[in-house]
Amino acid sequence: MTQAGVYVVLVTRQRNPGMASLLGETLFEISGQGPAPIKDYFHFAITKSQVIWSWWKISLRSDCRNTPPGQLTESHEDFLEDNRLQNQVGMVFGPHILQYSQNLCQGHYDYIVRLPNALLFNIMAHLDLEDISVVSRTCRRFKELCNSEEFWEQTVRKHCDTVTPTVEALAEEVGWRTVFFTNKLQLQMQISRRKQKENQPCEDKNEPSPSSVPLE
């Protein structure tokens with residue numbers, strides 16, 4: 001099975017009692033303003049047992065200024081039967097959020113995005129960069145992880161035989177992702193300039209060899 005195939009298996013969403021400990025009390029929540037011309041503000045939350053739909057009336061009309069916020073709470077089963085509320089969710093947050101909320105209420109949980117960062121980084125370490133690009137577009141959680149300094153530091157250390165204190169200092173300045181995608185010559189030039197600023201010799205036998213520095 002290819003690495004991409006492994007990822008597909010990992011993200012399959014199914015009911016799994018053994019992984020219930022990964023689920024927090026709130027499974028999902030989102031807030032936002034309704035589409036124009038609606039100015040009202042909405043909050044949508046799904047807990048382990050309920051769906052909570054809240055709204056705040058926003059209007060310049062004097063007769064609406066004292067309108068109190070509203071809230072509707074339903075069980076998962078009732079939400080799946082409530083076409084009116086589902087239409088509201090779809091109108092405010094879009095069809096993707098509606099489909100996602102329906103999946104959660106049916107017990108199809110996305111366990112993988114709830115795994116600890118350390119475990120996800122370990123999984124991602126076995127993927128090619130082309131796969132990482134795909135993974136980063138799957139959801140907000142993976143976008144943040146794939147763009148994190150921790151992930152790119154892990155990637156640099158994986159591809160380099162040695163990461164010296166000078167390279168670490170440079171990474172703190174420009175970021176690990178920049179270090180990874182900087183070609184060999186440019187990286188050596190940046191290291192040399194940094195050493196000159198620090199009044200250090202330009203040659204360092206402990207620097208990574210050209211073969212150990214990733215190409216663009």
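A residue counts as partly exposed when its relative accessible area falls between the 20% limit for buried and the 50% limit for exposed. In this predicted model, Glu168 has 28% relative accessibility and is therefore partly exposed.

Glu168 is a good place to begin with the charged side chains, as Glu168 pairs with Arg157 in a salt bridge whose closest N and O atoms are 2.8 Å apart. Glu168 belongs to helix H9 (residues 165–174) and Arg157 to helix H8, so this pair ties together parts that are eleven residues apart in sequence. Arg157 also forms a salt bridge with Glu153, with 3.1 Å between the closest N and O atoms. Glu153 and Arg157 are four residues apart in helix H8 (residues 149–159), which means that about one helical turn separates them. Together, Glu153, Arg157 and Glu168 make up a network of salt bridges. Arg157 is partly exposed, at 35% relative accessible area, and Glu153 is likewise partly exposed, at 27%.

Across the whole structure, a search finds three salt bridges. One of them joins the side chains of Asp40 and Lys57, at 3.7 Å from N to O. This pair links distant parts of the chain, 17 residues apart: Asp40 sits in the loop between strands S1 (26–33) and S2 (41–47), and Lys57 in the loop between strands S3 (50–56) and S4 (70–75). Asp40 is buried at 14% relative accessibility, whereas Lys57 is partly exposed at 42%.

Turning to a loop residue, Thr182 lies between helix H10 (176–181) and helix H11 (184–197). Thr182 is buried, with a relative accessible area of 7%, and a polar atom of its side chain lies 2.4 Å from the backbone oxygen of Thr178.

Notes
Residues are numbered from 1 along each chain as its sequence is written. This is a predicted model: local features need pLDDT of at least 70, side-chain atom pairs count only at pLDDT 80 or more; totals for chains, interfaces and linings use all residues. Side-chain values use heavy atoms; hydrogens and water are left out. Helices (H or I, at least four residues) and strands (E, at least two) are DSSP runs, numbered from the N terminus. Buried means under 20% relative accessible area, exposed over 50%, partly exposed in between (1.4 Å probe, protein chains only). A polar contact is a pair of N or O atoms within 3.5 Å; within protein, one must be able to donate a hydrogen and the other to accept it, and residues adjacent in sequence count only if both atoms are side-chain atoms. A salt bridge is a side-chain nitrogen of Lys or Arg within 4 Å of a carboxyl oxygen of Asp or Glu.
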